[in-house]
Every structure is written in C-alpha cells, then in structure tokens.
Amino acid sequence: MFSEKGTKLLIIDNYKFGFQKNLADNIQRWICTKRKCKAYIKLNGDCLCEEVLTHNHESEDDGKLVRQKLTNSLKRKCDKLITERPSKIKRKEIASNIHSESLLQNDINRVHKYLNAAKLRTIPKLPSNLEELHKSVSEYFIICILYLHLVMTIVDFQINDLKF
Ligand SMILES: [Zn+2]
C-alpha cells in the first residue's frame, strides 16, 4: 500500500514498514513507521533476508488499514487519472477491494469529497483558439500515457500486496 504522501509501505502482520535505505548487495532496509519502534526487515529482491519484528506498540486494526489503503490509493489515482468521472473511479476501486464492506459511510463520503475536489482542479477549459486546441490535444496524449502508466502501477501494486 501507499502512505498519504505517496510513498510505498509494506504491511507485515498489520504493522506498516517504510523504506529506509539501500544497503550493499541490493539489500533494502525497511523500518516500522512508528518513530520509536526498532522493528525492521531487510529485503533482497523479493526475499526477506533478515527480520526483527519486535514492536513496542500495538498493530493497526484491520478496518483502519483497509481504509487507509483505499483512501491513499484513490488519492494517487486521482492525481494521475483525470479523464474518468470521480464516481466511476470510486466504484471501480471499491469493487476491487475485498474488504470494502468494512468501509464506513463516513469514509466513503470523505473519499467522494476528495475525488470531486481533485476533479474540479483538473477540468480543462474549452479551447477558444487554435493554439489552445493544440494544447488540449497534447494534454489528451499525456493523459493517455498517464493512464497506461497507471494501469501498470495498479498491477504492480496488487502483485506487491500478495507478497506479504
Ligand atoms: Zn513497530
């Protein structure tokens, strides 16, 4: 899943880990996102080569994690995917989330508000001259490329989710 800032997070036993640094031999060190916690893991590609999973705090509850995951991935998609209507993105997203039944109505409303706000910011103006028309055509191509990139990101995201 992704954090609010869009950085990648790994979930292990309902604890969130964020990337810390690259070590020698392609090994990555990921640390618990709670500041004073000393839990960490070392990854070599897809292999967990070292782990210290002793946390000094409680794990996140399932519902909260699912909601965070959904809102943060929606935010990411919104920022990239600006051609589809917000309600369409939301339906798709919820349909692809197995735990969506645990979403509270409040969360759905909040997500919806965010989507609408994002959409308003990105609505293109109608071109009033040839120069603007050219500009909107090239924006359309950029959107297509972003869309392709997004589809690939989602696939990647789902594969990564299955790992842990
Ligand atoms: Zn921890």
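Tutor: Quick definition before we start: two strands count as paired if DSSP finds at least two bridges between them. Also keep in mind that this model is predicted. Fire away!

Student: What pattern of strands and helices does the protein follow along the sequence?

Tutor: Start with the tally, which comes to 4 helices and 5 strands. Now read along the sequence, and the pattern is β-β-β-β-β-α-α-α-α.

Student: In what order do the strands sit in the sheet?

Tutor: The sheet is open and its pairing is antiparallel. Its edge strands, each pairing on one side only, are E1 (9-12) and E5 (47-52). From one strand to the next, the twist averages 30 degrees. Reading across the sheet, the order is E1-E2-E3-E4-E5.

Student: Which residue in E2 is the bridge partner of Leu10?

Tutor: First, find the strands: E1 is joined to E2 (residues 15-22) by 4 bridges. That passes the cut-off of at least two bridges, so the two strands count as paired. They run antiparallel, and in E2 the bridge partner of Leu10 is Phe17.

Student: Which residue in E4 stands opposite Trp30?

Tutor: Look at E3 (residues 27-32), which pairs with E4 in the antiparallel sense over 5 bridges. Across from Trp30, in E4, stands Ile41.

Student: Which side chains of E4 point to the buried face?

Tutor: In a regular strand, side chains alternate between the two faces of the sheet. E4 (residues 40-44) does alternate: Tyr40, Lys42 and Asn44 point to one face and are not buried. The side chains that point to the other face, and are buried, belong to Ile41 and Leu43.

Student: Which residue in the turn between E4 and E5 has a positive phi?

Tutor: E4 and E5 pair in the antiparallel sense over 5 bridges, and Asn44 has Cys47 in E5 as its bridge partner. The two strands form a hairpin with 2 residues between them. In that turn, the residue with a positive phi, about 65 degrees, is Gly45.

Student: Which elements give two or more residues to the largest nonpolar core?

Tutor: That core has 8 residues: Leu10, Tyr15, Phe17, Trp30, Cys32, Ala39, Ile41 and Leu43. Take Leu43 as an example: leaving out residues up to four places away in sequence, it touches Ile27, Gln28, Trp30, Leu48 and Cys49. The elements that give two or more residues are E2, E3 and E4.

Student: What percentage of the protein counts as buried?

Tutor: Being buried takes 20 or more other C-beta atoms within 10 Å. Out of 164 residues, the share that counts as buried is 10%.

Student: Is Phe2 buried, partly exposed or exposed?

Tutor: Phe2 is found in the segment before E1. Around it lie 17 other C-beta atoms within 10 Å. Buried needs 20 or more and exposed needs 12 or fewer, so Phe2 is partly exposed.

Student: How far is Phe2 from Arg76 in space, C-alpha to C-alpha?

Tutor: Arg76 is found in helix H1 (residues 62-80), and it also counts as partly exposed, with 17 C-beta neighbours inside 10 Å. Not counting residues up to four places away in sequence, Arg76 touches Phe2 and Gly6. Phe2 and Arg76 are 74 residues apart in sequence, but in space, C-alpha to C-alpha, the distance is 8.6 Å.

Methods
Residues are numbered from 1 along each chain as its sequence is written. This is a predicted model: local features need pLDDT of at least 70, side-chain atom pairs count only at pLDDT 80 or more; totals for chains, interfaces and linings use all residues. Axes are lines fitted to C-alpha atoms, for helices over the stretch in contact, and angles run from 0 to 180 degrees between N-to-C directions. A nonpolar core is a set of buried Ala, Val, Leu, Ile, Met, Phe, Trp, Tyr and Cys residues joined through C-beta atoms within 7 Å. Two residues are in contact if their C-beta atoms, placed from the backbone, lie within 7 Å.
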